[in-house]
Amino acid sequence: KINPFNKSFYKKIFKKINGHNLLMYPDQRPLYKKLSKFLKIKKENILLTSGSDSAIKFIFETYTKKNDKVAYFWPTYGMIDFYTSLYGCKSKKINYDKNLNLNLNELVKTCKDKIKILFVTNPNMPTGTILEGSTLKTIINLSKKYKFLLVFDEAYIEFSSKKSLVHLIKKHKNIIVTRTFSKAFGLAGARIGYLVSNEKNIANLMKVKPYADINILAIKSAEVILDNL
């Protein structure tokens, strides 16, 4: 059963939207400011996207070319597999065993194979598995050693007991974390998400981001959510 927001919440959103808003391209700056405070990172480390799937698309557009090797655990979020095919990349799937444990030997072997990106959905969908600290540390060390981009997809992080890895971007320049308002915050219909990384990656990703890709309803909905956690 889906439990919708109550009417008072809708009123808070629509109270923020007026005729003037509809005439203008949406101002994303207030949401950047609120997200910066929520995540405890600088707004220069954040890029708003139309859902986290757009964040993943931007990563492919910015950092891959045809025949690049892209690795990810399997099964996982289907759009990662879709974009790998769409952009002509070579898929390197790291499988779970029958008990939903990762094969670390297969992981190491894959990382050695000159991959461009490793996508880690944590918690993973559809397995519901969560990678623990020691495994995450191993993956980060591998990414440094073999010089590939490491992307953590945290669409379901609010459903786990683990903290987000957004703080890692301060120390590791090759890490991108994607997040969304679609799941725990209940705004799938609004299409609003974001990614976080170091300022150089944000500048590169900004080059493929459309100027006004996020509508006023999505922006104001996310603002109200952050004001009413």
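Start by selecting Y10, F14 and L217, which make a nonpolar surface patch of about 280 Å². Patch members have over 30% relative accessible area and no salt bridge; nonpolar side chains (Val, Leu, Ile, Met, Phe, Trp, Tyr) are joined within 5 Å, and like charges within 9 Å. Accessible areas come from the Shrake-Rupley method with a 1.4 Å probe, and for residues only the protein chains shown count as cover. F14 sits in helix α1, residues 7–15. Helices (H or I, at least four residues) and strands (E, at least two) are DSSP runs, numbered from the N terminus.

This is a predicted model, in which local features need pLDDT of at least 70 and side-chain atom pairs count only at pLDDT 80 or more, while totals for chains, interfaces and linings use all residues. Residues are numbered from 1 along each chain as its sequence is written, and side-chain values use heavy atoms, with hydrogens and water left out.

**The core**

Next, select I59, L118, F119, F152, F181 and I192. These have the most contacts inside the largest nonpolar core, which has 69 residues. Helix α9 (residues 216–227) gives the most to this core, with seven residues. A nonpolar core is a set of buried Ala, Val, Leu, Ile, Met, Phe, Trp, Tyr and Cys residues joined through side-chain atoms within 4.5 Å. Buried means under 20% relative accessible area, exposed means over 50%, and partly exposed is in between (1.4 Å probe, protein chains only).

Stay on I59 and show its surroundings. Which residues does I59 touch, not counting those up to four places away in sequence? They are T64, I117, F119, L149, V151, I176, T178, L195 and L205. Contact here means heavy atoms within 4.5 Å.

**Aromatic pairs**

Now show the aromatic rings; the structure holds 13 aromatic pairs. Rings of Phe, Tyr and Trp (its six-membered ring) pair if their centres lie within 6.5 Å; planes under 30 degrees apart count as stacked, over 60 as edge-to-face and the rest as tilted.

Select F38 and F185. Their ring centres are 6.4 Å apart and their planes stand at 70°, so this pair is edge-to-face. F38 lies in helix α3 (residues 29–39) and F185 in the loop between β6 (175–180) and β7 (193–196), so the pair ties together parts 147 residues apart in sequence. F38 counts as partly exposed at 28% relative accessibility, whereas F185 counts as buried at 14%.

Move on to F60 and F119. With ring centres 5.4 Å apart and planes at 10°, the pair is stacked. F60 belongs to helix α4 (residues 52–63) and F119 to strand β4 (residues 117–121), so parts 59 residues apart in sequence are tied together. Both F60 and F119 are buried. Add F82, Y83 and Y87 to the selection: ring pairs link these with F60 and F119 into a cluster.

**Salt bridges**

Turn to the charged side chains. A search of the whole structure finds 17 salt bridges. A salt bridge is a side-chain nitrogen of Lys or Arg within 4 Å of a carboxyl oxygen of Asp or Glu.

Select D53 and R191, which form a salt bridge with their closest N and O atoms 2.8 Å apart. D53 is in helix α4 and R191 in the loop between β6 and β7, 138 residues apart. D53 is buried, with a relative accessible area of 17%, while R191 is partly exposed at 30%.

Then select D113 and K92, whose side chains meet in a salt bridge (2.8 Å, N to O). D113 is in the loop between α6 (104–111) and β4, and K92 is in strand β3 (residues 90–95), so the pair ties together parts 21 residues apart in sequence. D113 is partly exposed at 24% relative accessible area, and K92 is partly exposed at 26%.

Another stop is K209 and D213, joined by a salt bridge of 2.9 Å, N to O. K209 counts as buried at 10% relative accessibility.

**Helix α9**

Finish on helix α9 by selecting K220, which is found there. Is K220 buried or exposed? At 13% relative accessibility, K220 counts as buried. Beyond residues up to four places away in sequence, K220 touches I13, K16 and I17. Add E223 to see a network of salt bridges that links K16, K220 and E223.

The last selection is D227, also in helix α9. D227 is partly exposed, with a relative accessible area of 42%. Leaving aside neighbours within four places in sequence, D227 is in contact with K16 and K34. D227 and K34 are 193 residues apart in sequence and 8.2 Å apart in space, C-alpha to C-alpha.
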